[in-house]
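Here are my notes on this one, point by point. Have the sequence and the model open while you read.

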Amino acid sequence: MMISKEMAARLNVQVNHEFENERSYLAMAYWFESIGLKVFAKFFFKQAGEERGHGEKIAKYLIDQGAEVVLGSVAPVQVSFKSAKEAAELFVKVEVKTTTMVHEIVEMAVREKDYATHDFINWKVGEQVEEVATANEVLGMVKIAETPGQLLMLEGRIWQMIEKG
Ligand SMILES: [Fe+2]
Ligand SMILES: [Fe+2]
């Protein structure tokens, strides 16, 4: 194995965390679907897919470094929300927490002089800047929309975000 046992364990925490994020966004997508906001639902389905991709990418790195991928038990995620604003707030919270966790891996890599993991996880540092910005953009828009009708109109903007990638 080319990384430390501690680093392998820490990266496995991250893999499981990314898959938990996937489930959080799936839950949001289903909730938006249930209240008829199908473009918001589509946005969160796509977001869930990205989280799955992050988990898989880190898992692949563990394999490449000769470490085992350890999938733990899955925690229940929030499935219902009082409002779109509450869902968007959780979106921001999840991304900020993920960013903190990624930064911890960077610090650990520096401490261990683990240049390979440092180089690898740098991708995720940049990625998180975009993720937090996207989450804040969604929250900002949802905060302005006060009625269901306004949320429905907002879906045009959300659609543009989906297309932008
Ligand atoms: Fe992620
Ligand atoms: Fe994310």
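1. Which residue follows helix 5, and is its phi positive or negative? The residue is G165, and its phi is positive, near 100°. Keep in mind throughout that we're looking at a predicted model.

2. Now the overall picture. The secondary structure is 5 helices and 0 strands, so to speak an α-α-α-α-α run from the N terminus on. The C-alpha atoms fill a box of roughly 55 × 30 × 25 Å along the principal axes. The chain has 165 residues, and 32% of them count as buried. If you take the contacts between residues at least 6 apart in sequence, 76% join residues at least 24 apart.

3. On the record side, UniProt has an unreviewed entry with the annotation "domain: Ferritin-like diiron" over residues 1-146. In the model that stretch is 79% helix and 0% strand, and its end C-alpha atoms sit 54 Å apart.

4. The largest nonpolar core has 21 residues, and M28, F32, F40 and F44 have the most contacts inside it. Two or more residues each come from helix 1 (5-34), helix 2 (38-64), helix 3 (84-112), helix 4 (115-144) and helix 5 (148-164). Helix 1 gives the most, with 6 residues. Beyond the residues up to four places away in sequence, M28 touches F44 and A87. There is also a second, separate core of 10 residues, with L11, F19, A59 and Y61 among them.

5. The site is worth a stop. The same kind of caveat goes with it: the UniProt entry is unreviewed, and it places a "binding site" feature at E18, E51, H54, E95 and Q128. These positions are spread over 111 residues of sequence, yet they cluster in space, with a largest C-alpha distance of 12.7 Å.

6. Two of those positions deserve a closer look. E18 is found in helix 1 and E51 lies in helix 2. Are they buried or exposed? E18 is buried because 22 other C-beta atoms lie within 10 Å, and E51 counts as buried with 22 C-beta neighbours inside 10 Å. Leaving out residues up to four places away in sequence, E18 touches E51, H54, G55 and I58. On the same terms, E51 touches E18, N21, E22 and Y25.

7. A27 is another residue of helix 1. A27 is buried, since 20 other C-beta atoms lie within 10 Å and 20 or more is the cut-off. Neighbours within four places in sequence aside, A27 is in contact with V77, Q78 and V79. A27 and A48 are 21 residues apart in sequence, and their C-alpha atoms are 9.2 Å apart in space.

8. Next, helix 4. Its end C-alpha atoms are 44 Å apart, which agrees with the 44 Å that 30 residues should span at 1.5 Å a residue. There is nonetheless a kink of about 25° in helix 4, centred on I121. I121 is also one of the buried residues of this helix, along with T117, K124, E131, A135, V138 and V142. An α-helix has 3.6 residues a turn, so residues three or four places apart point the same way. What covers the buried residues of helix 4 includes helix 1 and helix 3.

9. Helix 5 has 17 residues and reaches 25 Å from first C-alpha to last, close to the 24 Å expected at 1.5 Å a residue. Helix 5 has a kink too, of about 30° and centred on G156.

10. One backbone angle to check by eye: K113, in the loop between helix 3 and helix 4. The phi of K113 is near 55°, a positive value in a residue other than glycine. Why does K113 count as exposed? Because 7 other C-beta atoms lie within 10 Å of K113, and 12 or fewer makes a residue exposed.

Methods:
Residues numbered from 1 in each chain as written. Chains lettered and ligands numbered in written order. Predicted model: local features only at pLDDT ≥ 70, side-chain atom pairs only at ≥ 80, totals over all residues. Helix = DSSP H or I, 4+ residues; strand = E, 2+ residues; numbered from the N terminus. Contact = placed C-beta atoms within 7 Å. Core = buried A, V, L, I, M, F, W, Y, C linked by C-beta atoms within 7 Å. UniProt positions renumbered as here; feature names shortened; annotations may be inferred. Expected span 1.5 Å × (residues − 1). Bend = angle between axes of the 7 residues up to and from the residue.
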